[in-house]
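Here's a quick tour of a single chain and its ligand. Have a look at the fold first, then read on.

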Amino acid sequence: MSLVTLSRAVSDALDKGRPVVALESTIITHGLPQPQNLEVARRIEATIRENGAEPATIAVIEGVLCVGLEDAQLEYLAAAERVAKLSRADMAVCMAEGRTGATTVAATMIAARMAGIEVFATGGIGGVHRGAETSFDVSADLQELARSPVTVVAAGAKAILDLPKTLEVLETLGVPVIAHGQDMLPAFWSRSAGLRAPLRMDDPAAMARAHRMRRQMGLDGGQLVANPIPEEAEIPRTEMTPIIGRAMQDAADHGIFGKDVTPYLLQRIYELTEGRSLEANVALVLNNAVLAARIASELVELPA
Ligand code: PSU
Ligand code: MN
């Protein structure tokens with residue numbers, strides 16, 4: 001028996017060789033506030049469809065690794081309290097115990113690989129946290145990018161992370177970090193992190209070819225495509241800097257550590273910006289969904 005349960009729509013699309021884009025569920029349960037999270041999750045799926053691909057939102061529901069959620073499952077996850085946040089380390093335990101969990105970037109990549117899905121859209125990835133030299137807090141997302149052959153489209157990484165260190169680790173791990181359409185690395189709410197991206201590509205077809213070429217060369221791992229937030233939705237870096245500082249201080253004061261750090265900071269920043277961070281977040285995720293659907297559409301045209 002297969003370890004992944006595909007929705008009818010996803011199974012159909014994969015059988016017919018149509019483009020499919022994986023989506024994570026931690027963004028729904030831990031990344032976006034209720035009740036907007038459900039509406040946003042539906043809009044991301046609709047955007048993928050409008051751009052010619054099939055969305056496959058991924059989660060573990062009562063022990064079943066679901067690739068492609070029915071709307072009722074999406075609704076359930078969006079309203080659920082205390083859902084586990086799953087990464088490579090705890091995914092199999094959650095499944096073995098028949099429990100429910102949302103998949104982070106790392107866990108979503110694992111499920112996508114198992115299902116044969118090669119492109120994944122999200123908001124931001126995890127990375128090397130500021131202060132990692134003492135906390136050792138480095139997201140398992142980075143390791144996973146080095147292992148699972150999935151192209152991940154994100155808006156860069158949030159400034160809650162140490163971006164230069166995150167780039168160093170990705171380079172060490174052999175993960176291509178590709179800025180879409182500009183030289184600078186995007187930084188989530190802002191179009192530029194003030195750092196050059198290691199690589200730049202302007203054409204989704206070439207991104208698809210590079211993805212395929214890695215497989216043909218026998219290289220493990222995927223690609224990180226960093227797609228800048230649309231200009232009209234951008235929040236300037238100078239505005240975000242003090243807010244991020246405050247959120248990090250609050251996290252330290254409350255003794256938050258481990259996998260609670262990222263969700264805590266995201267929620268705190270949402271509160272401190274009085275919801276303004278959410279609008280930017282939605283705009284950039286939808287923008288990433290469009291690019292991911294294009295890459296997936298190019299990929300299915302290439303010889304295997
Ligand atoms: N960054 C964001 N939004 C998110 C996340 C990260 O801007 O929702 C989520 C993703 O699911 C990511 C996870 O994979 O947080 C990383 O968590 P950690 O730092 O604990 O590895
Ligand atoms: Mn961490």
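## The annotated aspartate

An unreviewed UniProt entry lists D137 under "binding site". In this predicted model, D137 sits in the loop that links α7 (132–135) to α8 (140–147).

Is D137 buried or exposed? Somewhere in the middle: 19 other C-beta atoms lie within 10 Å, so D137 counts as partly exposed, given that a residue needs 20 or more to be called buried. If you skip the neighbours within four places in sequence, D137 is in contact with H129, A132 and V261.

## Around ligand 1

Ligand 1 has 18 residues around it, and the closest are G31, T104, G124, G126 and S139. Which helices each supply at least two residues of that shell? They are α2 (26–31), α8 and α12 (261–272), with α2 giving the largest share, three residues.

As for chemistry, the shell is made up of eight polar, six nonpolar and four charged residues. Why does ligand 1 lie between the two domains? Because domain 1 (1–117) and domain 2 (125–304) both give residues to its shell.

## The chain as a whole

Zooming out, the chain has 13 helices and eleven strands. Its C-alpha atoms fill a box of roughly 50 × 40 × 35 Å along the principal axes. The radius of gyration is 18 Å, which agrees with the value near 19 Å for a compact globule of 304 residues.

Buried residues make up 50% of the chain. Among contacts with a separation of 6 or more, 76% join residues 24 or more positions apart.

Notes:
Residues numbered from 1 in each chain as written. Chains lettered and ligands numbered in written order. Predicted model: local features only at pLDDT ≥ 70, side-chain atom pairs only at ≥ 80, totals over all residues. UniProt positions renumbered as here; feature names shortened; annotations may be inferred. Helix = DSSP H or I, 4+ residues; strand = E, 2+ residues; numbered from the N terminus. Buried ≥ 20, exposed ≤ 12 C-beta atoms within 10 Å, placed from the backbone. Contact = placed C-beta atoms within 7 Å. Rg over C-alpha atoms; globule rule 2.2 N^0.38 Å. Near = placed C-beta within 6 Å. Nonpolar A, V, L, I, M, F, W, Y, C, P; charged D, E, K, R; others polar. Domains from an automatic or database assignment.
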